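Hi there,

Here is the structure I promised to pass on to you. Have a look at it first, and my notes on what turned up follow below.

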Amino acid sequence: MSDCSSLVRTIVTVLGTETQCEHTDSLQTMLDGHVAGFGALPDSQSATKNRRNWRSKFSRLTDQLWGTSDPEYLKSVLSTLDETQSKIVIGYWGTLPLPDLLAIKKARPDVKVVLLLLCYPLALTRGGILRQDFYLRRAARFLDGILFPSDLTEEYVNGQVFRTGFPLSVVIPPCWPRSFQATGELHATAASPNLIFIGRTDMSSPTATAADDVRPLMNNILDAGIDLHHVRSPETDDGHPHRRHFSPLPMRDLIEKIGEFDASLIAYNTQASARDDRFQLTIPDRLITSVAAGVPIAIPRQGYGAIKSYLRDYPILEFDTADELAQKLADRSLVAQLREAAWNARPNYDAARYGPVLAQFLNRLL
């Protein structure tokens, strides 16, 4: 338990998507012992998904400007905040919770609303980024604070989006709780070069983008003689002798599996995107998960500024070509050294380490 002077004397409520509840777990771990209490609520997109209709799309556009208007959802959220007397609400993921935070702030001005900007910008086109910049800039006067995942993201938003008059902010690198991290002994790896890729491979999904399609890089890696392990999809079921499929796994099982490999591949098809700001500024969940497994990160040499800043003291394998990566992985002594260093570094990426910093920031808002 933190001392009384650093205790946040209110219940902190986290509002976010049901599909990314690991971030709720992470925040709860950070704040454990630093707050009077902790609560969690679904955002409006999660809570209303079973009763949306054609009007919902139009309402979503107006909600971006004026705040969530769904009366049933708002009644439930405000009732919970009133009952728990929670005075801080943290919403995540990118601009997704902005309408909810706006509505809460308008209805309960004494509640401090904080945006956890894990992914920004989400859009991959100039028009899309300008639209998200507008929504975020408009919401700024209702926000009491922003949590950024990296210095680069903070500099970008404060300089390119707000320019002046931005809310209080702090950088909190995203990490999973220590309980998520791989345990036991460092896994032995195969004798031949190998990688695991835990990103999207099913391009038929309605949420897939051109940037998710890394098959060109995959094919180069396979042709370079590297065994590449990833979740099976129709688009990748080609029988290549170096391709290895596995079935989707729960988070804890996935983290243990990642530990069996030389490195985890983090890459997007940035050339297929009109704008790559998102990949320069965002620290993706697949990276946080790979670090929790304690394996080196294989990543293209160009780009990915926020990721590389996050991995400043963590072993990475940068490459320009698949052949260069294959040469590095062929040095099994080097791979062994990097894997041991990654395994030993994983405790540095424990959500609890950032609890005091987050608590101090929240106290500034009260």
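**What I found: cavities, a pocket and some aromatic rings**

The second largest cavity holds about 40 Å³ (a cavity is a set of points on a 1 Å grid over the protein atoms alone where a 1.4 Å probe fits but cannot get out; its volume is the space filled by probe spheres set on the points, which are joined across faces, edges and corners). Please keep in mind that this is a predicted model, with local features needing pLDDT of at least 70 and side-chain atom pairs pLDDT 80 or more, while totals for chains, interfaces and linings use all residues. Residues are numbered from 1 along each chain as its sequence is written, and side-chain values use heavy atoms, leaving out hydrogens and water.

Which residues line that second largest cavity? They are R200, T201, M203, D212, D213, V214, R215, M218 and T236 (lining residues have an atom within 4 Å of a point). Sorted by class, three of these are nonpolar, two polar and four charged (nonpolar: Ala, Val, Leu, Ile, Met, Phe, Trp, Tyr, Cys and Pro; charged: Asp, Glu, Lys and Arg; polar: the others, Gly among them).

Searching the whole structure gives two cavities of 30 Å³ or more. The largest cavity contains about 80 Å³ of space, and its walls are made by H23, S26, L27, M30, L116, L118, L147, I172, P174 and C175. Helix α1 (residues 22-31) supplies the largest share of that lining, four residues (helices are DSSP runs of H or I with at least four residues, strands runs of E with at least two, numbered from the N terminus). In the lining of the largest cavity, eight residues are nonpolar, two are polar and none is charged.

Next comes the largest pocket, with about 1,700 Å³ of space (a pocket is an open set with protein on both sides within 12 Å along at least five of seven lines). Its lining counts 46 residues, and Q20, W93, R200, T207 and R286 lie nearest the centre. By class there are 22 nonpolar, 13 polar and 11 charged residues in the lining of the largest pocket. At least two lining residues come from each of α1, α2 (44-47), α9 (251-258), α10 (277-281) and α11 (285-293); α11 gives the most, three residues. R200 appears here and also in the lining of the second largest cavity.

Now for the aromatic rings. There are five aromatic pairs (Phe, Tyr and six-membered Trp rings with centres within 6.5 Å; under 30 degrees between planes is stacked, over 60 edge-to-face, the rest tilted). One of them joins Y314 and Y349 edge-to-face, at 5.6 Å centre to centre and 90 degrees between the planes. This pair links distant parts of the chain, 35 residues apart: Y314 sits in the loop between α12 (305-310) and β12 (316-319), and Y349 in the loop between α14 (332-345) and α15 (355-365). Y314 is buried because its relative accessibility is 5%, and Y349 is buried at 10% (buried is under 20%, exposed over 50%, partly exposed in between, with a 1.4 Å probe and protein chains only). Y310 joins Y314 and Y349 in one aromatic cluster.

Finally, take a look at N158, which belongs to helix α7 (residues 151-162). N158 counts as buried because its relative accessibility is 12%. Beyond its neighbours within four places in sequence, N158 is in contact with F148, R163, F166 and S169 (contact means heavy atoms within 4.5 Å).

Best wishes, and happy browsing!
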